[in-house]
Amino acid sequence: MTKLRFVTILSALIGGALWACTGSDGAPGTPGAAGTAGAQGPSGGGGPAGSAGPQGMPGPSGVIDGGLPSSCLTPCHGFNGIVEQWKTSTHYATFVSNLGGTEVDTWTGPQACGNCHAIDGLSYRVAGNVGTVDGGAVANVKNGELNYKTPSGSTTESVYRGSAKVAAVTCVTCHEVSDATDPHRTGLAFVPGSFPLRTPSGKTDQVFLEKSPAVGTITGTQAGLRGTANTCIMCHKSRKDVTQYITASNTLTSPYWGPHEGPQADVYTGLGGYHYTGLTYGTSTHEAKLTCVDCHMPDITTNGNTPNHSFYAQISTCTASSCHTSAPNFDVDGGQSTVRAGLFLLQKALNSAGYLTRDAAGPYGALSSAALADSHFELDRTRAGGGDGGGPSVLTADQAGALYNYLIVARGSGLGVHNPKYTKQLIYDSYVAVVGSAPPGFGRPQ
Ligand code: HEC
Ligand code: HEC
Ligand code: HEC
Ligand code: HEC
């Protein structure tokens, strides 16, 4: 697979809308040029017509004497405002790192990538507008499901229907920006609730993880009532329907075998892993009480109580609750240290069996001693050809499930914070499946 390489057309992002912040400060400058309308989506073969592309981001107007009107500063364009917060996140870095890129070769043609990586991927998905390469239908598409069953019965992933060449997760990606909600067009000052999200986040709205309840029926699984975090779950999930993906015998053919980067939702919900028959899987207080948005976007009092848009987990969520009032860091009660120790054990077991590597291209070597010590578990890949370390080269469902579970925990990041109990259960059961005995010094929470 090609390394992700996205071209960025800066003008599409800043191709301005009319500048119209309210306030009496200074004489208005020359209005910016009108925003470029989004490209019309392609009409599908028998499918729904493509929806219009998103509007460009607002462009800077002419010089405004005396700086920006105060209504622009809060909560967005101030020195520490939402826009500057967002710029510290990798949602923005994707965009920057692609400046100067040459081509979006990874999603030209029918590709899945744009569903989560294109600037307008979410707007197509919530409109139910994804492509299938063979006329198959995707269940629950408006609620985030991506996999579907082909007419011949195999499982595959729907494709992006848009034509944007910009890879970024920006304001217009997550927020429903229209003539009615864009403050640059309405000219109205921000009032809480006036800048809605695209992904439904009402009391009964749920989005779907890929994992289906039964083999052969591809419907995904509802991720639970997560409110505004439904937005995050649309993208931060495995892309693989583990129920169909793992079969009675599994051959590791590619270093990309397994869940995609960022399967936080699969761990957080306690639903997305490979579950061993006869065992029950629990979930923790975190999952029951907190969502992605609570921990990653707590409100900032000095910015009109709007959520932190750096998107990085904040210790303030842990300490503000009555739960971990004096936690100095995220390793609360040594929880992350315990999970790290468990991951080292499982990593070693999978590596010894011949299932892990760091290389994206063959020949696929075992992990070096440096890689086995650096705790960058998320960098590990599947060793194509698998089993050269002594494990079987055709894996049983339980063995392949162990590798899958290691990868969702490693790539799901946070060392168990996303669901401490579930994470430890997956590590414990997966170790037993590969080694045949319990991991030394590592218990299974009930
Ligand atoms: C279900 C949504 C989804 C789809 C579809 C998807 N990705 Fe991703 N991808 C993500 C998320 C979320 C991350 C970030 C994970 C993290 O940092 O924890 C990511 C990260 C990546 C990264 C690592 C980026 C980095 O800076 O480290 C690459 C490379 C990548 N994706 C390539 C692809 C390619 C190629 C495709 C299509 C074949 C694709 N993705 C399809 C959601 C998706
Ligand atoms: C990855 C998704 C995502 C991106 C990107 C994003 N936001 Fe948000 N934003 C959210 C979420 C989630 C909330 C919380 C919504 C809630 O609590 O109702 C939010 C809330 C807000 C609010 C308060 C909304 C209201 O109506 O009260 C504003 C204003 C806002 N964002 C502006 C921005 C701006 C400006 C950008 C671009 C610099 C941006 N957001 C980028 C997800 C995102
Ligand atoms: C449209 C898809 C999409 C949505 C929606 C989305 N993300 Fe992301 N997110 C990504 C991608 C892609 C990356 C990786 C960018 C990169 O590394 O190049 C990422 C990266 C991140 C990172 C940094 C990861 C790292 O390893 O540095 C965090 C934290 C994050 N997202 C949290 C969130 C939260 C919280 C939400 C919900 C408010 C959210 N994201 C919604 C696609 C998305
Ligand atoms: C209980 C609080 C909590 C919840 C709920 C939560 N996270 Fe996290 N998340 C964390 C912590 C803590 C980390 C680890 C940060 C660190 O070690 O620096 C983390 C790490 C991450 C990372 C990697 C960031 C990085 O810099 O490597 C991503 C991406 C992420 N979370 C996304 C999500 C998504 C998406 C959800 C919802 C499905 C979610 N998180 C739910 C607390 C939480």
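Which polar side-chain atom lies 2.8 Å from a nitrogen atom of ligand 2? The atom belongs to His309. This report describes the surroundings of the three ligands in a predicted model, together with the confidence of the chain and a salt bridge.

## Confidence of the model

The structure is a predicted model. Averaged over the chain, the pLDDT is 85, and 82% of the residues reach a score of at least 70. Residues 1–65 have a pLDDT below 50, and this stretch makes 149 contacts in the model beyond near neighbours in sequence.

## Surroundings of ligand 2

Ligand 2 has 22 residues around it, and the nearest of these are Cys171, Cys174, His175, Gly193 and His309. His309 also provides the polar side-chain atom found 2.8 Å from a nitrogen atom of the ligand. Backbone atoms take part as well: an N or O atom of the Ser194 backbone is 3.1 Å from an oxygen atom of ligand 2, and one of the Phe195 backbone is 2.9 Å from an oxygen atom of ligand 2.

Helix 3 (82–87) and helix 7 (171–174) each contribute at least two residues to this shell. The most comes from helix 3, which gives three residues. By class, the shell consists of 15 nonpolar and seven polar residues, with no charged ones. Domain 1 (10–131 + 160–194) and domain 2 (243–446) each supply at least three of the residues around ligand 2.

## Surroundings of ligand 1

Around ligand 1 there are 15 residues, of which Cys113, Cys116, His117, Arg239 and His260 come nearest. Two histidines approach nitrogen atoms of this ligand through polar side-chain atoms: His117 at 2.9 Å and His260 at 2.7 Å. In addition, a polar side-chain atom of Gln264 is located 3.4 Å from an oxygen atom of ligand 1.

The shell of ligand 1 contains seven nonpolar, five polar and three charged residues. Both domain 1 (10–131 + 160–194) and domain 2 (243–446) provide at least three residues to it.

## Surroundings of ligand 3

The shell of ligand 3 comprises 16 residues, and His91, Cys232, Cys235, His236 and Phe311 are the nearest among them. The side chain of His91 places an N or O atom 2.8 Å from a nitrogen atom of the ligand. For His236, a side-chain N or O atom is likewise 2.8 Å from a nitrogen atom of ligand 3.

At least two shell residues come from each of helix 4 (90–97), helix 5 (114–117) and helix 9 (230–235). Eight residues of this shell are nonpolar, eight are polar and none is charged. Here too the two domains take part, with at least three residues from each of domain 1 (10–131 + 160–194) and domain 2 (243–446).

## A salt bridge at Arg239

Side chains of opposite charge can pair when their charged atoms come close. The structure holds eleven salt bridges. One of them joins Glu157 to Arg239, with 2.8 Å between the closest N and O atoms. The two residues belong to distant parts of the chain, 82 residues apart: Glu157 is in strand 3 (residues 155–157), and Arg239 is in the loop between helix 9 and helix 10 (242–245). Arg239 is also one of the residues that come nearest to ligand 1. Helix 9, which precedes the loop of Arg239, supplies at least two residues to the shell around ligand 3.

Definitions and conventions
Residues numbered from 1 in each chain as written. Chains lettered and ligands numbered in written order. Predicted model: local features only at pLDDT ≥ 70, side-chain atom pairs only at ≥ 80, totals over all residues. Heavy atoms only, no water. Near = heavy atom within 4 Å. Polar contact = N/O pair within 3.5 Å; in protein donor to acceptor, adjacent residues only side chain to side chain. Helix = DSSP H or I, 4+ residues; strand = E, 2+ residues; numbered from the N terminus. Nonpolar A, V, L, I, M, F, W, Y, C, P; charged D, E, K, R; others polar. Domains from an automatic or database assignment. pLDDT = per-residue confidence, 0-100. Contact = heavy atoms within 4.5 Å. Salt bridge = Lys/Arg side-chain N within 4 Å of Asp/Glu carboxyl O.
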